[in-house]
Amino acid sequence: MSHAHILGFPRIGARRELKTAVEAHWKGQLDEAGLRAVGRDLRARHWALQQAAGLDCVTVGDFAFYDHLHNATALFSAAPARFGLQGPVDLAGYFAMARGTAAQPALAMKKWFDTNYHYLVAELDAGSTFRLNRDWLLPELQGALAAGHRAKVVLPGPLTWLWQASAPAGFDKLSLLPRLLPVYAELAAELRALGVAWLQLDEPILSLDLPAEWLAAYPQAYGAIAPAAPPVLLATYFGSVAEHAALLKSLPVAALHLDLVRAPRQLEAFLPDWPQDKALSLGVIDGRNLWRTDLARVLALLHPAKALLGERLWIAPSCSLLHVPTDLALEEKLDPTLKSWMAFAVQKLDELSLLKRALEQGEPAVWRELQAAAQVIESRRNAPSTRREAVRARVAALQPADAERSAPFAQRIAAQQAVLNLPKLPTTTIGSFPQTAEIRAARAAFKAGKLGEADYTAAMKAEIKLCVDKQEQLGIDVLVHGEPERNDMVEYFGEQMDGYTFTQFGWVQSYGSRCVKPPVIYGDVSRPTPMTVEWSRYAQTLTAKPMKGMLSGPLTMLFWSFVRDDLPKRDVALQLALALRDEVVDLEAAGIKVIQIDEPTIREGLPLKKADWPAYLDWAVQAFRITASGVRDETQIHTHMCYSEFNDILPSIAALDADVITIETSRARMKLLDGFAEFKYPNDIGPGLYDIHSPRVPAQDEMKDLLQRALKVVPAERLWVNPDCGLKTRGWPETEAALQVMVATAREARQALG
Amino acid sequence: MGFGYARRRHDAAKDASRDDSREADPLARFAYVEPEESIANESAEHRHGENCSCNLRGE
């Protein structure tokens with residue numbers, strides 16, 4: 001036998017049923033019983049799929065109405081006191097913490113490792129206590145057991161849950177472990193009494209550079225939980241844990257899961273002397289991407305493991321399937337060949353089932369299915385549609401000079417100023433303006449074929465004119481066209497590039513009820529025709545002021561897509577860089593003198609271990625510079641990055657060599673700039689002067705205060721004035737009011753500077 | 001370990017779980033329907049966290 005299991009299944013439903021139900025509940029259109037019924041039905045469906053695939057147990061505990069880490073916060077009764085929840089956390093309290101209340105802001109949200117999933121950050125402090133809340137998890141488990149399923153319960157491991165929480169400065173979260181462990185042990189004992197087959201504790205933090213004291217806490221933690229628990233599976237994923245092999249072999253757990261998709265070579269550190277009393281779960285199906293698995297390659301890896309481990313070999317996807325869409329079968333418009341190369345969560349269950357049968361019954365017993373799978377892999381490998389020789393040749397011919405502007409910044413900025421003639425503290429915005437109901441209606445009608453191309457273009461041009469007129473009235477110095485024609489900063493460009501395709505139902509959860517549908521890069525990327533030039537050219541005809549051309553950068557195009565797995569990410573990034581470089585050059589040729597290349601995702605690609613950062617940053621910076629370096633010195637290149645910790649990668653941010661960088665800083669009251677000042681960031685900076693995430697219009701004194709703070713660390717001649725981010729989610733009234741204050745603040749500061 | 005389910009039961013469950021019949025599926029009425037004006041039209045309570053609206057994408 002070979003044990004097959006999954007670490008988790010996507011919870012949102014193939015047709016995003018959970019989104020519909022949760023949002024209806026929030027609107028008061030579906031009561032709690034109705035919402036719980038939807039959750040029950042979704043779980044039942046997902047367990048049935050796992051059962052149908054012949055998995056050895058179903059996974060319980062991966063479902064959540066908002067976020068599974070937040071479920072653990074409710075399960076451990078760890079609600080922050082500021083929410084004033086009375087008694088055990090109920091569903092209303094759970095949502096109050098997730099979404100905020102009139103009196104209290106929501107819990108903070110953070111990215112889950114290097115995925116696009118965001119979790120709610122538990123708030124802990126010295127007074128935090130934990131108590132088992134039996135209203136959570138246990139009813140779901142009862143549902144699985146009542147349906148006759150053999151259940152494996154999954155929970156965040158105690159150390160990972162603590163690590164991801166926030167705590168006041170100077171407070172050591174790890175000191176709470178002795179308080180937390182009894183709750184885990186109490187729960188584990190109940191799970192055992194209920195007949196749970198396995199307890200899966202997720203400890204992905206083991207893939208990070210973990211401090212020694214945290215590593216040292218593992219024996220204590222698992223020593224406290226395991227004795228009373230069902231057999232414990234400790235699950236690691238997203239990276240190698242090979243350096244912790246000795247520790248992991250010694251822990252009192254019954255099984256360990258390794259991510260062999262992200263870190264295949266780590267198996268060598270575990271397999272040869274894997275303890276006889278433990279199972280080893282090998283994550284061989286990619287839980288982070290939607291391509292079909294090369295089963296022949298995987299079986300070649302599994303057979304030696306099977307010979308050594310026998311029944312102690314488990315097989316699984318690399319991580320929870322939370323990060324892939326649910327069911328490929330719903331896709332009706334995908335090119336059939338491309339579709340045949342893909343596997344969503346349901347199809348990955350089928351792959352797992354086939355691997356299990358091949359291991360148990362021998363490959364001849366499933367020869368036909370393996371042959372069919374191999375043909376698909378072969379078809380993809382040899383498909384002409386994935387390979388464009390001209391693109392490959394262009395990447396191969398790249399020279400260092402292609403990533404260099406012709407003059408250093410000091411010369412460029414002087415040449416740009418001679419052309420642009422901007423005042424001190426020039427004002428601009430980040431790119432988008434309010435996407436009004438009229439714009440969305442026009443786009444929806446155009447997509448539905450109810451509005452012709454000419455009428456749609458006319459409608460968008462009218463919006464652009466409105467935007468330009470308003471900016472002229474406001475007195476902004478560098479204008480934007482407002483991006484009414486764009487739905488999403490990745491999809492809009494992907495739709496116009498070769499090598500991209502799009503799904504109908506390829507949704508993955510981003511946070512809460514929000515889902516994203518990343519485009520799919522399946523082949524070599526190129527740009528057949530200009531994508532934005534006509535819109536920018538038109539906008540420039542409406543004003544004598546400089547009109548900024550707006551593009552998404554190569555890293556953003558890469559990290560917000562499902563990327564082909566048959567080419568290194570670096571190579572795909574360089575292809576994207578060349579395609580976007582062509583657009584930059586065409587914008588310049590069309591008379592656009594300022595071009596912004598947005599890269600909000602540069603941190604998203606950072607590897608989990610710092611030792612791997614330099615290699616990534618090297619090609620990431622190269623990709624940006626290739627995009628930006630095809631223009632003359634007089635053309636000013638801007639970039640925009642969102643609120644993020646930049647200080648540890650400032651040399652790489654500087655190496656991008658953008659003439660102007662605009663960054664989100666107002667919420668941190670310009671603190672971010674200290675790092676830029678300390679580093680002596682050489683080029684122009686536009687720190688956001690107000691937070692666009694709220695409709696609130698800041699008073700002029702607030703903006704003045706922030707600008708003064710900025711002026712203390714950035715010389716006036718290198719300082720720009722702009723909002724924190726794009727304005728597409730705002731309405732016009734607050735947008736105009738806030739920009740009026742912003743322009744007035746800049747003018748006043750200019751006068752003071754003389 | 002062998003907790004396998006009988007193959008016939010697998011198939012029945014598989015068929016049931018993949019049944020496209022809207023009437024048979026209690027979740028059918030919850031299939032998400034894009035609003036007429038479908039773009040990220042977030043309400044204020046969604047826009048929080050460490051990332052800005054560029055990053056906290058989603059519909």
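**View 1. Helix 21 of chain A, end to end.** Helix 21 of chain A covers residues 569-589, and its 21 residues reach 30 Å from first C-alpha to last, close to the 30 Å expected at 1.5 Å a residue. That expected span is 1.5 Å times one less than the number of residues. Helices here are DSSP runs of H or I with at least four residues, strands are runs of E with at least two, and both are numbered from the N terminus. Following helix 21 of chain A comes G591(A), with a positive phi near 95°.

A note on the model: it's predicted, so local features need pLDDT of at least 70 and side-chain atom pairs pLDDT 80 or more, while totals for chains, interfaces and linings use all residues. Residues count from 1 along each chain as written, chains are lettered from A and ligands numbered from 1 in the order written, and side-chain values use heavy atoms, leaving out hydrogens and water.

**View 2. Where the two domains of chain A meet.** An automatic or database assignment sets the bounds, giving domain 1 (3-274) and domain 2 (406-753) of chain A. Their C-alpha centres lie 37 Å apart. In contact (heavy atoms within 4.5 Å) are 24 residues of domain 1 and 16 of domain 2. Together the domains bury about 1800 Å², 53% of it on carbon and sulfur atoms; buried area is the accessible area (1.4 Å probe) lost on putting two parts together, summed over both. I12(A), R16(A) and N116(A) supply 28% of what domain 1 buries against domain 2, more than any other three residues.

**View 3. Charges across the domain interface.** The two domains share two salt bridges, meaning a Lys or Arg side-chain nitrogen within 4 Å of an Asp or Glu carboxyl oxygen. E243(A) pairs with K609(A) in a salt bridge, with the closest N and O atoms 3.5 Å apart. On the side of domain 1 that touches domain 2, helix 1 (17-26) and strand 3 (109-111) of chain A each supply at least two residues. Helix 1 of chain A gives the most, with four residues.

**View 4. A long-range pair, E404(A) and R625(A).** These two form a salt bridge whose closest N and O atoms are 3.1 Å apart. E404(A) sits in the loop between helix 14 (389-396) and helix 15 (409-420) of chain A and R625(A) in helix 22 (residues 613-628), so the pair ties together parts 221 residues apart in sequence.
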